[in-house]
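Please open the structure in your viewer and keep the selection tool at hand. The stops below are meant to be taken in order.

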Number of protein chains: 2
Amino acid sequence: MKVVVVAETREHEHRVALVPELVARLVGAGLEVVVESGAGRHAMHADSAYEDAGARVVGADALDGADVVLSVQPLDPVRVAALRSGAITASFLPATEETDVVRAARDAGVTAFSVELVPRISRAQSMDALTSQALVAGYRGVLVAAERLPRFFPLSMTAAGTVPPAEVLVLGAGVAGLQAIATARRLGARVSAYDVRAAAAEETRSLGAQFVELDLPSLEGSGGYAREMTEDRAQQQRDLLAPYVSASDVLITTAAVPGRTAPLLVDRTAVEQMRTGSVVVDLAAETGGNVEGSVPGAELAVGPATLIGGRNVPSQLPVHASRLYAANLVNLVLLMTSDGKVTPDLADEIVDGACVTHDGAVRHEHVREALEGS
Amino acid sequence: MKVVVVAETREHEHRVALVPELVARLVGAGLEVVVESGAGRHAMHADSAYEDAGARVVGADALDGADVVLSVQPLDPVRVAALRSGAITASFLPATEETDVVRAARDAGVTAFSVELVPRISRAQSMDALTSQALVAGYRGVLVAAERLPRFFPLSMTAAGTVPPAEVLVLGAGVAGLQAIATARRLGARVSAYDVRAAAAEETRSLGAQFVELDLPSLEGSGGYAREMTEDRAQQQRDLLAPYVSASDVLITTAAVPGRTAPLLVDRTAVEQMRTGSVVVDLAAETGGNVEGSVPGAELAVGPATLIGGRNVPSQLPVHASRLYAANLVNLVLLMTSDGKVTPDLADEIVDGACVTHDGAVRHEHVREALEGS
């Protein structure tokens with residue numbers, strides 16, 4: 001069967017769905033790998049590297065006769081409509097938002113997988129692209145902040161005196177937050193972190209950071225994510241967090257509730273109370289933002305601070321973001337492969353969870369509702 | 001006596017010669033501190049912070065009646081000429097290049113100190129601004145490289161596979177180089193370093209980096225700096241370094257010989273052999289560059305790599321670069337202060353070394369030669 005890797009076309013997308021290093025795993029399972037010319041360009045992989053690894057590189061007709069299509073962003077609906085019935089796609093696919101893509105896949109009889117919907121069970125960890133990309137985003141968020149901060153991150157003891165370490169506050173201690181904590185600690189900063197899930201306290205402390213305890217009840221949700229909260233409680237939380245924000249040199253926010261608008265954690269007034277030259281990186285900017293006024297891809301002056309809104313942050317580290325994402329996809333494809341054929345077994349919890357359309361039908365109730373509403 | 005801190009006027013200079021935190025040390029020694037309005041702006045210090053610390057903030061007439069003038073960059077010759085005879089200036093002052101400033105100081109009877117000329121003896125360590133600013137540059141060089149690199153610095157072991165650490169090569173293991181090594185190691189990279197001085201090997205290794213041994217004799221110079229070498233030997237060194245360069249993801253060059261053109265360590269062809277997406281930061285770009293083709297303040301594509309030429313790199317971390325520089329200047333001023341008066345004792349080795357003009361004369365032979373030649 002023919003597995004096709006397309007060149008991404010959406011703006012700011014620099015990742016690629018397969019890297020040369022992993023071509024052999026698909027070929028070894030009896031699959032043919034075809035790569036659209038230039039697909040790896042932004043992720044620093046030349047066409048020749050894919051060829052050397054055993055793939056065939058083709059032009060814009062890459063999708064002709066495709067059995068499985070791998071991409072980072074969802075395929076364009078026009079390209080989906082041109083696939084054969086029974087073809088498989090695997091990519092990021094926010095199914096309740098990308099309703100045109102889902103409709104095209106349904107109508108073409110395409111089996112579309114959304115990596116966001118891979119269930120968070122331990123057998124699926126190696127396919128969990130939300131986790132792998134959050135890891136990249138957390139690292140990258142701290143590096144961007146350190147590059148912008150007019151101060152050292154580490155304590156510096158010099159003949160000209162001692163410079164104290166930077167104070168970094170991380171809000172949201174999920175995968176991205178924990179990686180941000182670890183990176184800021186590596187660079188020598190003093191780090192505090194907060195999460196609505198009390199369970200995050202231990203992980204935070206194990207990385208050498210202080211856990212901020214607010215006088216609010218915990219909000220443990222399912223799958224390791226936080227539940228939403230009432231607006232009253234949210235305001236109370238913002239008020240209690242404000243003094244921690246204003247005492248920081250760097251604030252990194254990473255709080256997300258999957259498929260929902262990100263919670264607003266920080267009011268503009270709290271940012272305005274920060275020290276001159278402080279840096280705020282809002283990694284949740286694309287889903288509404290944790291910080292009032294953040295704009296994806298923009299660097300704004302807010303009082304004495306710089307507020308940076310993340311926009312496709314994993315794509316800013318394209319080599320390794322692609323490497324990890326490609327491994328997630330390869331693991332998902334191989335889960336469904338036997339005897340050189342990719343045949344999804346919908347009785348498998350992972351396949352079932354991640355599958356959005358199959359055999360002309362939309363498979364999840366909440367996606368069907370979104371389609372009717374759009 | 002009146003110590004005046006001026007607002008810097010040169011482009012890209014964001015430091016300030018005194019920070020509010022250190023005002024009290026001068027005031028405590030019986031000196032009056034006057035700050036030109038806006039002097040601390042880029043270094044994140046408001047006028048009010050200086051006032052709160054015990055300084056007086058004044059307008060453009062700040063130099064009227066000045067006894068001691070502190071600045072980062074040399075004062076403009078016009079401002080020097082307007083000082084009273086016997087007034088003191090202390091700043092960076094590359095005396096053989098800034099001949100207009102030296103001439104103006106000589107003619108006005110000003111006692112001008114160059115912090116570059118503070119001797120490298122242990123009693124003068126706390127006044128050594130070359131060291132304190134090199135420390136900032138080394139840290140900053142690595143951060144800039146890490147922010148540009150499309151890969152992780154640290155080894156990452158994840159459910160989606162293991163990502164190897166970045167390979168960082170540091171050329172020149174003086175203060176800036178050692179700080180670059182330490183910062184890259186903090187971030188988890190695998191680091192190698194090279195220096196013409198064999199003595200650098202031990203310090204390099206103590207930071208967890210590998211020391212590159214080339215089959216060339218050592219070039220130990222005075223004051224911890226390297227001596228210059230012949231062009232033949234330099235080419236041989238570039239040829240021997242090339243394979244180390246091409247095996248690196250990140251190259252940071254820091255090699256400088258004070259008052260001379262920086263040695264060319266890396267040919268363009270070596271950079272062209274690096275991996276796609278590699279990053280080169282040439283911290284010596286302003287003095288001629290260690291890497292062929294580097295331009296101060298520019299980010300250039302050289303084959304598969306990005307070549308970044310440093311330009312006033314310490315100024316890019318203005319808060320702490322200013323903090324350390326200010327401590328250097330305060331220590332120099334206090335060395336010359338007793339009973340509320342700043343009176344340079346030219347019999348002191350430090351004062352003698354750093355003093356460029358005094359009592360209408362240029363004090364160092366090599367500076368006099370430069371004046372005659374210009």
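The tour goes from the pairing of the chains to a sheet in one chain, and then to the cysteines.

Bear in mind throughout that this is a predicted model. Begin with both chains displayed, and superpose chain B on chain A: a rotation of 180° with 0.0 Å of shift along its axis achieves this, with an RMSD of 0.0 Å. That is the relation of a two-fold axis. To find the axis from the side of chain B, select R186(B), whose C-alpha lies 2.8 Å from it and which comes closest to it of the residues of that chain. Next, select the interface residues of chain B; 100% of them are also interface residues in chain A, so the copies meet through the same surface.

Now hide chain A and turn to the open sheet of eight strands in chain B, where the pairing is mixed and the order reads β3-β2-β1-β4-β5-β6-β18-β19. At its edges stand β3 (56-58) and β19 (361-362) of chain B, and because each has a single partner strand, one side of each is left without a neighbour in the sheet. Within the sheet, select residues 68-70 and 88-91 of chain B, which are strands β4 and β5, running parallel and joined by three bridges; in β5(B), A90(B) is the bridge partner of L70(B). Add residues 318-335 of chain B to the selection to show helix α10, which packs on the sheet and touches β4, β5 and β6 (111-114) of chain B, its direction making about 145° with that of β5(B).

Finally, bring chain A back and consider the cysteines: which disulfides does a search of the whole structure find? It finds zero over all chains. Select C355(A), which is buried with a relative accessible area of 0%, and then C355(B), which is buried with a relative accessible area of 0%.

Technical notes: Residues are numbered from 1 along each chain as its sequence is written. Chains are lettered from A and ligands numbered from 1 in the order in which they are written. This is a predicted model: local features need pLDDT of at least 70, side-chain atom pairs count only at pLDDT 80 or more; totals for chains, interfaces and linings use all residues. Side-chain values use heavy atoms; hydrogens and water are left out. Copies are superposed by least squares on the C-alpha atoms of residues with pLDDT of at least 70 in both. Contact means heavy atoms within 4.5 Å. Two strands pair if DSSP finds at least two bridges between them. Helices (H or I, at least four residues) and strands (E, at least two) are DSSP runs, numbered from the N terminus. Axes are lines fitted to C-alpha atoms, for helices over the stretch in contact, and angles run from 0 to 180 degrees between N-to-C directions. A disulfide is a pair of cysteine sulfur atoms within 2.5 Å. Buried means under 20% relative accessible area, exposed over 50%, partly exposed in between (1.4 Å probe, protein chains only).
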